[in-house]
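Dear colleague,

Please find the structure below, as arranged. My notes on what was found in it follow directly after.

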Protein chains: 2
Amino acid sequence: MELAEAKQKFIEAWGKLGSEWGINRTMAQVHALLLISAEALTTEEIMETLSISRGNANMTLRDLINWGLIEKQHRAGERKEYFYAEKDTWNIARQVAKERRKRELDPVLKILDELSKVEGDATNPEFITFNKSVTDINKLAKNVDKTLDTMLKAEENWFWGSIFKIFK
Amino acid sequence: MELAEAKQKFIEAWGKLGSEWGINRTMAQVHALLLISAEALTTEEIMETLSISRGNANMTLRDLINWGLIEKQHRAGERKEYFYAEKDTWNIARQVAKERRKRELDPVLKILDELSKVEGDATNPEFITFNKSVTDINKLAKNVDKTLDTMLKAEENWFWGSIFKIFK
DNA sequence: TTAAACTTTCAAAATTTATTGAAAGTTTAT
DNA sequence: ATAAACTTTCAATAAATTTTGAAAGTTTAA
């Protein structure tokens, strides 16, 4: 397989995976493109490579910066902005976990905590079932939350090393 | 808060979380409704409670069955089908992990393996960067895959116990 | 200043995804 | 065999999300 074709496939695969997990396909594709680029790229180059509009490129790049996955670079004597992706996979994974936790897990945890406190008739099967489900899910979500917290603070080797030591 | 209001909030929260993670909002809501129902429900009751059409209810219920999250129940002397959700949170988590791995992670792993094998000019920075990114992501994805595998086989207590023993 | 180079915005358009509902299909009881 | 009770299908429609592109905004150099 040619490098160009392989790059293409990677961008497609990353875009598909992203969209299946609730991340805008274009955002995932721009990220993929920057990930496999040795050099920082301009908006112009990104637009051209992925055949997207200027507006789309601009918004997507801003989002990626907000996610902490890419950064702007400036070059002496040039007005154009260049974009460069963090290349360390572990940092990418941590950054994504961090953002999604903040945006999506935390709000749900807050609601689950509230709902866990709802009181009701302890002889009503409808109440019992509601209470048990909510309480159980809340516990699981808290476990996930704690594990993410550990992951965010951890070094890659330590994290996976620990997991494999246990899981053999 | 009233039980009815709490149920409503739970269904909304579960639906929102689902849609943020690439799961159809209605599917997540139907699942939520069944999760907190003491009794199995009919299509009719689900349609009414969530204000969705018969077709939508039918397709969504079929999907949930395919995901292994709910099952059909039959009652003696009745023609109607009743739907009942698996209530064990750990089993739900495992089931979701299992399905998503099969549907979304495995195909990407396959592509990453292919792309890891692409050969090229070892002095070309573009090739070096491509190769390193793909190889690193492939390693991470394989770690995730192995961890999911362990989780699928594990008992809840053992799994979280092991994680906490390590993470303190 | 001015104007060229570049970036940002956002309403409208396109695309993708989800939903409807009526018709077709199936099962069961008589 | 018939019909009532119930389920499934899917083309059409609606809703949600994404993308466009041109205008407005900003920065820099002279």
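Please bear in mind throughout that this is a predicted model. I begin with the protein interior. The largest nonpolar core contains 51 residues. Those with the most contacts inside this core include Phe130(A), Phe10(B), Trp14(B) and Ile70(B). Both chains contribute: α5 (89–116), α6 (125–153) and α7 (156–167) of chain A give two or more residues each, as do α1 (3–20), α2 (25–35), α3 (43–50), α4 (54–66) and β3 (81–85) of chain B. A second, separate core comprises 50 residues, among them Ala28(A), Ala32(A), Leu69(A) and Phe83(A).

Within the largest core, Ile70(B) may serve as an example. Leaving aside residues up to four places away in sequence, Ile70(B) touches His31(B), Leu34(B), Leu61(B), Leu64(B), Ile65(B), Phe83(B), Tyr84(B) and Ala85(B).

As to how the two protein chains are arranged, chain B superposes on chain A by a rotation of 180° with 0.0 Å of shift along the axis, at an RMSD of 0.0 Å. This is therefore the relation of a two-fold axis. Both copies use the same surface, since 100% of the contact residues of chain B recur in chain A.

I turn next to DNA strand C. This strand is surrounded by 17 residues, of which Asn58(A), Arg62(A), Thr26(B), Ser53(B) and Arg79(B) are the closest. Of the strand C atoms that come within 4 Å of the protein, 63% belong to sugar and phosphate. One phosphate contact is made by the backbone: an N or O atom of Ser53(B) lies 2.7 Å from a phosphate oxygen. Lys72(A) places a polar side-chain atom 3.5 Å from a phosphate oxygen of strand C. Arg79(B), by contrast, addresses a base, with a side-chain N or O atom 2.7 Å from a base oxygen. The surface near strand C divides into 2 nonpolar, 8 polar and 7 charged residues, and α4(A) gives the most to it, with 5 residues.

For DNA strand D, there are again 17 surrounding residues, and Thr26(A), Ser53(A), Asn58(B), Arg62(B) and Arg79(B) come nearest. Sugar and phosphate make up 63% of the strand D atoms within 4 Å of the protein. A side-chain N or O atom of Thr26(A) lies 2.3 Å from a phosphate oxygen of strand D, and the side chain of Asn58(B) also has an N or O atom 2.3 Å from a phosphate oxygen of that strand. Glu81(B) uses a backbone N or O atom, 3.1 Å from a phosphate oxygen. Here α4(B) gives the most to the surface, with 5 residues.

Yours sincerely

Definitions and conventions
Residues numbered from 1 in each chain as written. Chains lettered and ligands numbered in written order. Predicted model: local features only at pLDDT ≥ 70, side-chain atom pairs only at ≥ 80, totals over all residues. Heavy atoms only, no water. Least-squares fit on C-alpha atoms with pLDDT ≥ 70 in both. Contact = heavy atoms within 4.5 Å. Core = buried A, V, L, I, M, F, W, Y, C linked by side-chain atoms within 4.5 Å. Buried < 20%, exposed > 50% of the residue type's maximum accessible area, 1.4 Å probe, protein only. Helix = DSSP H or I, 4+ residues; strand = E, 2+ residues; numbered from the N terminus. Near = heavy atom within 4 Å. Polar contact = N/O pair within 3.5 Å; in protein donor to acceptor, adjacent residues only side chain to side chain. Nonpolar A, V, L, I, M, F, W, Y, C, P; charged D, E, K, R; others polar.
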